[in-house]
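Reader: Please take me through one part of this model closely. I would like the membrane-annotated stretches of one chain, and then how its partner meets it.

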Amino acid sequence: MGRYVLKRLGYMCVTFYVVITLTFLSMKLLPGTPFQNPKLSPVQINQLKHYYGLDQPVAVQYVKYLWNLLHGDMGGSFQFGNESVSTLLMAKFPVSMDLGLEAIILGTIFGILLGIIAGLHRGKVLDWGTMVFSVLGISIPSFIFAGVLQYFLGVYVQLFPVAGWNGPSSHVLPVISLAVGVLAEVALFMRTEMVEVINQDYIVTAQAKGLSRAAIVYKHAIRNALIPVVTILGPLTAAIITGSLVIESIFGIPGIGSQYVSSITTNDYPMIMGTTELYAGLFILSIFVVDILYGIIDPRIRVSGGRA
Amino acid sequence: MAAANESITKDMFLPAELDQSANEKISGEVVSVWKDAFRRFVQNKGAVASLIIVIAIVLMALIGPHLNNYGPTDQDLNRSNLPPRIAALSWLPFFSGKEDGIDVYQQHGIKKDFWFGTDQLGRDLWSRTWDGTQISLIIALIATLVDVFIGVTYGGISGYFGGRTDNILQRILEIISGIPSLVWIILLILVMKPGLIPITIAIMATNWIAMARIVRGEMLKLKNQEFVLASTSLGASHSRIIFKHMIPNSLGMIIINTMFSIPSAIFFEAFLSFIGLGIREPQASLGSLINSGYEVLQLHPYQTVYPGLVICLLLIAFNLIGNGLRDAFDPKLRH
């Protein structure tokens, strides 16, 4: 187990290093310069460049950038009067974290329940309904779903606030919009696993022993079917992050996602880079945690040394 | 019963003539993998219906913008924000040309019909929707084709040669796949500036990984089979074995995966337009149309509805076709 964790940790560090280097390189490759004001004389531009360390060789800048990043310094935002990017991100992070966690918890729990029910009633109306719902949930983009909810439940019926992030009732629409995709994905996956597990020999053995249906379902079927569901939590985190960008913008939630979108439209490069690194870090960390969890739950993975 | 037994006697039966060669004959027609898959695919009603929907949308994307006299970028502020009206269907509330009970066409003194209405700048949404569908489809198609090419090559090399090559290529893949596609796409587009080609490249740069993995798996499975050994012992070259034996045998999996990567490309294009990194005005894509529709969603919902419907139909249909193909090529995977 120790070797396995170390290996995964190694991958995590290398991947994150690649992301940081990529962000640095793209910042260097970005067209235009930050000092475009025609009032600036060449001397002043040189002074500014010297001040920001832009007159040094790229290699030196790179090392400096890494050093600063290690100290949590991501530079100043163009948009908010040079305020530190890391401070801004930290201030908005809890809101996005709330939204993401609520969606992923809601989606996973209901997805698992729906998947179990569908898997147990294979071929019946319930199963069929779950399948239709899953295909719709996976196919329809979250921004369409958010729009429909916002229009009907927010504008038309006025059941929930159209936008904002204050009080539980304002959480309902964005969390549902974000959770639907997760729910559909988990339900479909769980159903497949349930169907597969139920046809296994050990279930027949359990039936032959005379165990009650409830005991078979709880003790043998669900437990074994749950294991592979852990693997899709990594990709789901990525989906939640992607989804949160649009959901936060649509519902005007003051989190990192809407901040990211607005920094893209205003070309606030330090902010974009900082947020990109934060997202990449979150994603890489969640993949790491999922890999370790999977290794703990299923010993076969440790032996073969990685996911297939 | 007793009466029947009496009327049938033993001498009424003769031993049948034995024809030894009949045992060897194959009864029933020979069904190739492709024919079999096709037969199963056709039986899947959802998949066939989806195929028809996709074909219809593709046709509309090609001919739709030419069906009326308004170009997708023609502006006319006199006709801005008109709701949809189709004279023949005006008894339907969605096509009556009325908004909140007021006939907007009468108000502005406009005689012509705009089937999907017009946007803030008076551009015809029917033309723009189909034009946008065209662009979304082109991006998805190019991105997917290149993905297939890169993925099959990478996965093929990795799986076929194995050993150290495989090891190095897999380590690289592992690192690349650890980076969320969102990061790739946003960085690439920031460097290249939004536009048709950068978006296609950015979507391309992330989608090939799944394909490479699948092809590698297929290669690993196939390369130890007897027909490959036979081919090798007959002196076939690597390229012949790869292109004549391995790829045709893994084509089913490649097609299935391609079908799933098309909707993901369509989604990412729409997503990029939505966060402001997509197609620039006056060009339109489904995503950019939905995005501009959202700005007036509460006042003029019809501006979002039609591009939204088209994109939903496309995504659902492609996913169902993918499911249908998966079931058709590999009945074991059917659930």
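Author: UniProt positions are given here in the numbering used for this model, and such annotations may be inferred rather than shown by experiment. The model itself is predicted.

Start with chain A. Its unreviewed UniProt entry marks "transmembrane region" at residues 9–30, 99–120, 132–152, 172–190, 225–247 and 278–297. Two of these spans can be compared with the coordinates. Residues 9–30 of chain A are 95% helix and 0% strand. The end C-alpha atoms of that span lie 32 Å apart. Residues 132–152 of chain A are 90% helix, with 0% strand. Here the end C-alpha atoms are 22 Å apart.

Now helix 4 of chain A, residues 85–120. Its 36 residues should span 52 Å at 1.5 Å a residue; the end C-alpha atoms are 50 Å apart, so expectation and model agree. The helix does bend. A kink of about 40° sits at A:Phe93, shortly before the proline A:Pro94.

Turn to chain B. UniProt lists "domain: ABC transmembrane type-1" for its residues 133–322, again from an unreviewed entry. That stretch of chain B is 84% helix and 0% strand. Its end C-alpha atoms are 20 Å apart.

Last, the meeting of the chains. In all, 32 residues of chain B contact 40 residues of chain A. On the chain B side, helices 6, 7, 10 and 12 each give two or more residues. Helix 12 of chain B gives the largest share, seven residues. By class, this side of chain B has 23 nonpolar, seven polar and two charged residues.

How values were computed. Residues are numbered from 1 along each chain as its sequence is written. Chains are lettered from A and ligands numbered from 1 in the order in which they are written. This is a predicted model: local features need pLDDT of at least 70, side-chain atom pairs count only at pLDDT 80 or more; totals for chains, interfaces and linings use all residues. Two residues are in contact if their C-beta atoms, placed from the backbone, lie within 7 Å. Helices (H or I, at least four residues) and strands (E, at least two) are DSSP runs, numbered from the N terminus. Ala, Val, Leu, Ile, Met, Phe, Trp, Tyr, Cys and Pro count as nonpolar, Asp, Glu, Lys and Arg as charged, and the others, Gly among them, as polar. The expected span of a helix is 1.5 Å times one less than its number of residues. The bend at a residue is the angle between axes fitted to the seven residues ending there and the seven starting there.
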